[in-house]
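Here's a quick briefing to go with the model you're about to open. Have your viewer ready and follow along by residue number.

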Amino acid sequence: MCIRDSLFVDKGQFDQKAIFFNSRGTEKYEELVGRMGKEYKKSELHKSLSLQPRIVYYANAIYELVFHVGTKMPTVLKDPQQIEKKKYIGNDCIHIVWNENDREYRGGTITSAFNFVHIIIHPLRNGLYRITIKKKKDSKGKLVDFFGPILTGMVLPMALLPSLLRHTVTNARKAIKNEMFRLTNPLGERKKTLEKLIAKHTVKAAVGEQSQPLINKLMS
């Protein structure tokens, strides 16, 4: 299961304090959130998945996605830091940022040791959306490897955004895991597993003959 963040940045907002105080976004932002998945009551899914009363959830035959939507999380007016929101948003590796500002969104706006990928959506006056993808270096100074299908500079209509975003955040998560945990290619892992099984179940034949797998011996 993959968990992602969705943040709304309004005009004139340049720091995490202002962003975390947002309790709603523009009509188009809310439309995108609604298309990213289905809303469920927190009690209908695992209680630890999110702080927000209603969870945006998507699943198909291949993967599941849960979105921490900043505007749907409770805003504590007495807390200028919004610690409860940051506890969830700050610990996720990928942020989808809807940026209404004329100024570019900085990848370090939300201070965290994580947040390695930011997929930033800039609404345009013609009804399309320009995409910028920013990557943050890890503790060893390395960037996340290439992923897609959405790339920096693409201009997309709302009709394509939800599906392409879901694919992109899923591939971004795989790229992050491959870099952080040095995971090998699935085909390489499968090859190693098969080699171990063959070695384990190989039966030695008579002296002078070549060894052969047990399955071949049984079928001969």
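What follows covers strand pairing, aromatic contacts, charges over rings and a surface patch.

Keep in mind that this is a predicted model. Four aromatic pairs turn up here, and strands S6 and S7 run antiparallel, joined by seven bridges.

**Strands and the hairpin**
- S6 covers residues 117-123 and S7 covers residues 129-135.
- To find your way along that pairing, start from Ile-121, whose bridge partner in S7 is Ile-131.
- Five residues sit between the two strands of this hairpin, and Gly-127 has a positive phi near 90°.
- S7 also pairs with S8 (residues 155-156), again antiparallel, through two bridges.
- On that side, Tyr-129 has Leu-156 in S8 as its bridge partner.

**Aromatic pairs**
- The count of aromatic pairs is four.
- Take Tyr-29 and Trp-98: their ring centres are 5.9 Å apart with planes at 75°, so this pair is edge-to-face.
- That contact links distant parts of the chain, as Tyr-29 belongs to helix H2 (residues 27-36) and Trp-98 to strand S5 (residues 94-99), 69 residues apart.
- Tyr-29 is buried, with just 1% relative accessible area, and Trp-98 is buried too, at 2%.
- Then there's Tyr-58 with Tyr-63: the ring centres lie 6.2 Å apart and the planes meet at 45°, so the pair is tilted.
- Tyr-58 is partly exposed, at 23% relative accessibility, while Tyr-63 is buried, at 12%.
- Phe-8, Tyr-29, Trp-98 and Tyr-129 make up one aromatic cluster; Tyr-129 is the residue that bridges to Leu-156 in S8.

**Charges over rings**
- Arg-166 lies over the face of Tyr-58, 4.1 Å from the ring centre; this is the Tyr-58 that forms the tilted pair with Tyr-63.
- Lys-136 lies over the face of Phe-116, at 5.9 Å from the ring centre.

**Surface patch**
- Leu-194, Leu-197 and Ile-198 form a nonpolar patch on the surface, and together they have about 280 Å² of accessible area.
- Leu-194 sits in helix H5, which spans residues 186-200.
- Why does Leu-194 count as partly exposed? Its relative accessible area is 47%, and the partly exposed class runs between the 20% and 50% cut-offs.

Note on methods:
Residues are numbered from 1 along each chain as its sequence is written. This is a predicted model: local features need pLDDT of at least 70, side-chain atom pairs count only at pLDDT 80 or more; totals for chains, interfaces and linings use all residues. Side-chain values use heavy atoms; hydrogens and water are left out. Two strands pair if DSSP finds at least two bridges between them. Helices (H or I, at least four residues) and strands (E, at least two) are DSSP runs, numbered from the N terminus. Patches are made of residues with over 30% relative accessible area and no salt bridge: like charges are joined within 9 Å, nonpolar side chains (Val, Leu, Ile, Met, Phe, Trp, Tyr) within 5 Å. Accessible areas come from the Shrake-Rupley method with a 1.4 Å probe; for residues, only the protein chains shown count as cover. A salt bridge is a side-chain nitrogen of Lys or Arg within 4 Å of a carboxyl oxygen of Asp or Glu. Buried means under 20% relative accessible area, exposed over 50%, partly exposed in between (1.4 Å probe, protein chains only). Rings of Phe, Tyr and Trp (its six-membered ring) pair if their centres lie within 6.5 Å; planes under 30 degrees apart count as stacked, over 60 as edge-to-face and the rest as tilted. A charge sits over a ring if NZ of Lys or CZ of Arg is within 6 Å of the ring centre and within 35 degrees of the ring normal.
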